[in-house]
Amino acid sequence: MSSMIISILLFIVGIIIGLIVMFVIINIKNSKKQEEANRIIKAAYDEAEKIKSETINSAKSEAKQYKETIENELKEKKTELKDSEKRLISREESIERRDENLQNRENLLDEKEQKLQEKQDDIQNEQAKVEQIKQEQLDLLEQISGYSKDKAKDLVLKRVEEEMNLEISSYIKERESEAKLTADKKAKGMLVECMQKYASDVASEQTVTVVNLPDDDMKGRIIGREGRNIRTIEAVTGVDLIIDDTPEAIVLSSFDPLRREIARVTLETLIKDGRIHPARIEEVYDKVSKEMKAKILEYGENALFKLGIAKMDPELVELVGRLNFRTSYGQNALTHSIEVATLSGIMAS
C-alpha cells in the first residue's frame with residue numbers, strides 16, 4: 001500500500017517536474033524570440049531612420065534644384081519681357097512715324113485734288129467754248145451748203161454704206177472660200193488625230209453560233225423522239241438548229257443575235273442538266289430569258305461606265321444594252337456606239 005502511494009507521489013512529482021521543465025523551456029524560447037523581435041525592430045527602426053534621412057536630403061536637394069530652375073526661368077521671362085517691351089516701343093515709334101507720313105500724304109492729296117478740280121473746271125469752260133464755236137461753224141456751213149446737219153449726215157452715211165457693202169461682200173466671199181478649204185483640212189486632220197488616239201478591236205458578228213456537244217449521242221437526245229425536242233427548241237427560241245455530220249457540234253442559225261444567244265445558253269443548260277424534253281425546254285427558256293434581261297442591263301451599265309455617264313433612265317440603259325446583240329455592217333453595234341462616243345468626246349475636247 002505504501003509502495004503504491006509512493007509510486008503515485010513519484011508520478012505526480014514527475015509530472016510536476018516535467019511541467020516545470022516545459023515551462024522553463026517555453027520561457028527560454030519566448031525570451032529568445034523576444035530578443036530576436038527586439039533586434040529586428042531595432043534594425044527596422046534604424047533602416048527607417050536611414051531612409052528618412054536619405055529622403056529628407058534628397059527632397060532638400062530636389063527642392064534646391066527646382067528653386068534654381070524656377071529662378072532661371074524667371075530671369076529668362078524677365079529678359080523676354082524686356083525685349084518685348086523694347087520691340088513694342090520701337091513699333092509704337094514706327095507707327096507714329098507712319099501716321100505722320102500718312103497725314104502729310106493726305107495733305108498733299110487734298111492739295112492735288114483741289115488743283116485737279118480747278119483744272120477740271122477750266123477744261124469744262126474750254127469745252128463749252130469749243131462747243132459754242134463748233135455750233136457756230138455748223139450753222140455757217142448749213143447756210144453756205146444749203147443742207148441741214150441731219151441731211152448731210154444721211155448723204156455721207158448712204159455713200160459710205162454703198163462703198164462698204166461692196167467691200168464687205170468681196171471680203172466675205174474671200175473668207176468663205178478660205179474657210180471651206182481650211183475647215184475641210186482641219187476636219188480631216190482632227191478626225192485622223194482622234195482615230196490615232198483611240199483604237200479598239202473591231203469584233204465582227206456572224207449569223208450562226210456553234211454549240212459544242214460532249215459526244216455525238218447528244219445529237220439524238222436533242223432531236224428527240226420523232227423530232228419533238230428540236231421542234232420545241234426552234235419554236236420557243238425562233239432559231240434554226242442545223243445538225244449535220246460535224247462531230248460533237250450543233251449550229252444555231254438566226255439573223256437576230258439576241259435570239260441566237262438565248263438559244264445557245266438554253267441549249268448548253270439543257271446539255272449540262274441532261275433532262276431534255278418539251279416541258280423542260282420551255283422552263284429553261286423562260287429562265288434564260290429573264291436572266292438575259294438582267295445581263296442586258298449589265299451590258300448597258302458597263303457601257304455607260306466606260307463613257308463616264310453617271311445617270312440614265314433604266315429603259316434607256318436597257319436599250320443601250322440591247323445594242324450588244326445588234327450588228328452594223330458586221331460590227332457589234334454597242335462596241336461601235338462606244339467608239340463613236342469616245343471619238344466625239346476627243347474631238348470636242
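A salt bridge is taken here as a side-chain nitrogen of Lys or Arg lying within 4 Å of a carboxyl oxygen of Asp or Glu, and by this rule the count in the structure comes to six. The structure is a predicted model, and the pairs described below are therefore to be read as features of that prediction.

The protein contains eight helices and five strands, and from the N terminus on these elements follow one another in the order α-α-β-α-α-β-β-α-α-α-β-β-α. Of the 349 residues in the protein, 16% are buried.

In soluble globular proteins, nonpolar side chains tend to be buried together. In the present model, the largest nonpolar core has 24 residues, and those with the most contacts inside this core are I222, L241, L252, L267, I271 and M292. Two or more residues of the core are given by each of the elements α3 (217-223), α4 (228-237), β3 (249-253), α5 (257-273) and α6 (278-307). The largest share, seven residues, comes from α5.

Helix α5 also carries charged side chains that pair with one another. Side chains of opposite charge can pair when their charged atoms come close. The side chains of E261 and R264 meet in a salt bridge with an N to O distance of 2.6 Å, and these two residues both lie in helix α5, three residues apart, which is about one turn of the helix. Both E261 and R264 are buried. A salt bridge also joins the side chains of R264 and E268, with an N to O distance of 3.0 Å; R264 and E268 are four residues apart in helix α5, so that about one helical turn separates them. E268 has a relative accessibility of 29% and therefore counts as partly exposed, since that class covers the values between 20% and 50%.

A further salt bridge is formed by the side chains of D273 and R275, with an N to O distance of 2.9 Å. Salt bridges that share partners join D273, R275, R280 and E283 into one network. Within this network, D273 is partly exposed because its relative accessibility is 32%, and R275 is likewise partly exposed, with a relative accessible area of 46%.

Charged residues also gather in patches on the surface. A patch of negative charge is made up of D46, E47, E49 and E54. Of these residues, E47 has its place in helix α1, which spans residues 2-145, and E47 is partly exposed because its relative accessible area is 43%. A patch of positive charge, in turn, is made up of K75, K78, K82 and K86. K75 also has its place in helix α1, and since its relative accessibility is 57%, K75 counts as exposed, the cut-off for that class being over 50%.

A final local feature concerns the backbone at E226, where phi is near 55°, a positive value in a residue other than glycine. E226 is placed in the loop between α3 and α4, two helices that each give two or more residues to the largest nonpolar core. The residue E226 itself counts as exposed, because its relative accessibility is 73%.

How values were computed:
Residues numbered from 1 in each chain as written. Predicted model: local features only at pLDDT ≥ 70, side-chain atom pairs only at ≥ 80, totals over all residues. Heavy atoms only, no water. Core = buried A, V, L, I, M, F, W, Y, C linked by side-chain atoms within 4.5 Å. Buried < 20%, exposed > 50% of the residue type's maximum accessible area, 1.4 Å probe, protein only. Patch = residues over 30% accessible without salt bridge, like charges linked within 9 Å, V, L, I, M, F, W, Y side chains within 5 Å. Areas by Shrake-Rupley, 256 points an atom, 1.4 Å probe, with all protein chains shown as cover. Lys, Arg positive; Asp, Glu negative; His and termini not counted. Charge placed at Lys NZ, Arg CZ, Asp CG, Glu CD.
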